[in-house]
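Student: Please take a close look at the aromatic rings in this model. I would like the geometry and the exposure, with the cut-offs.

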Amino acid sequence: MLPLLVLSPFLLIPAAAWLGRRRARYLALWPAALTVYFGTLLTQVSSSGPLKAELPWAPSLGLTLSFYFDGLSLLFAVLIAGIGSLIVVFSHGYFGGQAGSGRFQATLFAFMGSMLGVVLADNLIALFVFWELTSFTSFLLIGFENEKPEARAAAIQAFIVTGTGGMALLAVAVLIQQTSGRLDLSALLADGTGFQNAAVYPAIAVLLLLAAFTKSAQFPFHFWLPNAMAAPTPVSAYLHSATMVKAGIYLVARMTPLAGGTALWSGLVAAVGAITMAVGAWRALTETDLKRVLAYSTVSALGLIMMLLGVGAPAAIGAALVYLVAHACYKGALFLVAGTLEHETGTRDVRDLGGLGRSMPAVAMAGALAAASMAGVPLFLGFTGKELLYGALLGHGNGWTNLLLALAVGASVFLGAAGLLAGVSPFAGPLGRATAPDRVSATLAAPPLILGTIGLIVGLWPGAIDLPIGLAASSVLQIDAGLHLALWHGFNPVLALSALTLALTAVLYWKSASARGRIWPRTLGAERLYTFSLRALDRLSEWSLPALQSASLRSYVLVLVSVAAVMVGAVLTLKGLPPWPALSGVRPQELAAAALILIGAISAVRASSI
């Protein structure tokens, strides 16, 4: 039963394609039901421990498709299904029955199923398969408007970058199988030994982090995410705030008990996360396109969460998970607000937007709620996450964490200003150049308003998420996290830092127009390395392929045989075996068969016609 529920979005693809054009809003009922069901499983896991479910795959070979349900995987599953249901409703209003909306819904459900597979898969090979499916389906979603060159280029770029990480994840699965003889995460976690003492541990750690960093847009791989804003807004809201970019976060959190706890792991995760946090926050305010403002702020938030996972203390893990939930709510809402503005006014340029609050009151309310949470205003979930962030870093009190704390405060100031720019500026002040709409449909206004309201309700009652956050933190730490969230912690240095952050956020927001374009040299960027690499590969292909791809059977066979010989010889040499066969014990008929094969191969190469 459980495996079929996990795979159910794939089973609903035909229904999504059929209903997508006219009745897409009804499709939201299923992911909403999955959200409730996964939520009830949290209670079951709390009382009886993690669950494992298997679906026979190839029984004759002993292969099964297994899924693992613990606090961490269920927290992500609830976010994937819950926000997915709101995206389905929003996309119904966004596309309005246009041609291709059925294709969009079908692809969206395929992506949803892939993401559920990533966070719930127990087998590392299955995890890799679902991981690659997210790359493929996101390629289709980012390039959904395939008539636009920028959409095609962004889809290809995202696929190449994240696909590279997928190959690294496959190599990790092979190394882990060779090291432990196991591929099931549940068995590896139950064993509790990890790979820190294995000879191949550095390779496992680096390859794991490469997979996570590419997927979660960490520096220097962060450039693909802002470029992916060429996708329709429902795609941006779902893939790049709540699901796909969180896959790398999930991978680091899941593998921390097995590969974490070393200087290599903690140092790389914390340092790369901190750099990503600073770069993304700094760059967010230089943009004028609302979606790119939100994209760079997402890069920064992902870096912040990754940094906390690198710090690794129980308080830091709890802060990372609370911040993850808060970010999913407010960033999803802000992306949907930006999409509504573009849909109704025809522009996303913040310089043309203003004074729209009277004609779009519900959307304005959603933007204000989400922006307040993103800025860390008290009573919102974003405030709770920021308090936990500062508290986790202050608790260490050494030079390294003090530097991280200073960077976190600075990044929070820029992120808060970016949130106000996206959620408040379009609706405040005098009317801008954009035309105000007559009315906004409920399918466009309701989803962001729901997400913004959740951020307020949970902020007022943070204890409501004690169970999911505590279970998820316990899964990462492999001990009882004992996490209890509260709205008020008294007057302390953490509250002082929060107040300072809000004050500086207000000043930066006030001066954001004059600061834009001055605070980042746009000629600098990691994307240049990607472009240079592609050009180098093109040059290599132009030089080498004419000789190899000459439409000649001889050249093709020569390449295949040469590559096979080199690879086999290299493996035999590394294994300490002679690169030639031992002839002792070979029977005459076997030598005759080998000779016939050799003669046939030589004759095929020398043949002048087919």
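Tutor: What follows covers the ring pairs, then a nonpolar patch and two loop residues. This is a predicted model, where local features need pLDDT of at least 70, side-chain atom pairs count only at pLDDT 80 or more, and totals for chains, interfaces and linings use all residues. Residues are numbered from 1 along each chain as its sequence is written, and side-chain values use heavy atoms, with hydrogens and water left out.

Start with the pairing rule. Rings of Phe, Tyr and Trp (its six-membered ring) pair if their centres lie within 6.5 Å; planes under 30 degrees apart count as stacked, over 60 as edge-to-face and the rest as tilted. The count by this rule is 13 aromatic pairs. Take Phe-95 and Phe-104: their ring centres are 4.7 Å apart and their planes stand at 50°, so this pair is tilted. Both Phe-95 and Phe-104 are buried. Buried means under 20% relative accessible area, exposed means over 50%, and partly exposed is in between (1.4 Å probe, protein chains only). Phe-95 and Phe-104 also belong to a cluster linked by ring pairs, together with Phe-90, Tyr-94 and Phe-144.

Now Trp-488 and Phe-491. Their ring centres are 5.1 Å apart with planes at 85°, so the pair is edge-to-face. Trp-488 is exposed, at a relative accessible area of 53%. Phe-491 is exposed too, at 75%.

Next, the patch. Phe-136, Leu-140 and Phe-159 make a nonpolar surface patch of about 250 Å². Patches are made of residues with over 30% relative accessible area and no salt bridge; like charges are joined within 9 Å, nonpolar side chains (Val, Leu, Ile, Met, Phe, Trp, Tyr) within 5 Å. A salt bridge here is a side-chain nitrogen of Lys or Arg within 4 Å of a carboxyl oxygen of Asp or Glu. Areas come from the Shrake-Rupley method with a 1.4 Å probe; for residues, only the protein chains shown count as cover. Phe-159 is partly exposed, with a relative accessible area of 36%. Phe-159 sits in helix α7, residues 149–180. Helices (H or I, at least four residues) and strands (E, at least two) are DSSP runs, numbered from the N terminus.

Last, two loop residues. Thr-347 lies in the loop between α15 (314–345) and α16 (361–375). Thr-347 is buried, with a relative accessible area of 16%. Gly-312 is in the loop between α14 (290–311) and α15. Gly-312 is partly exposed, at 33%.
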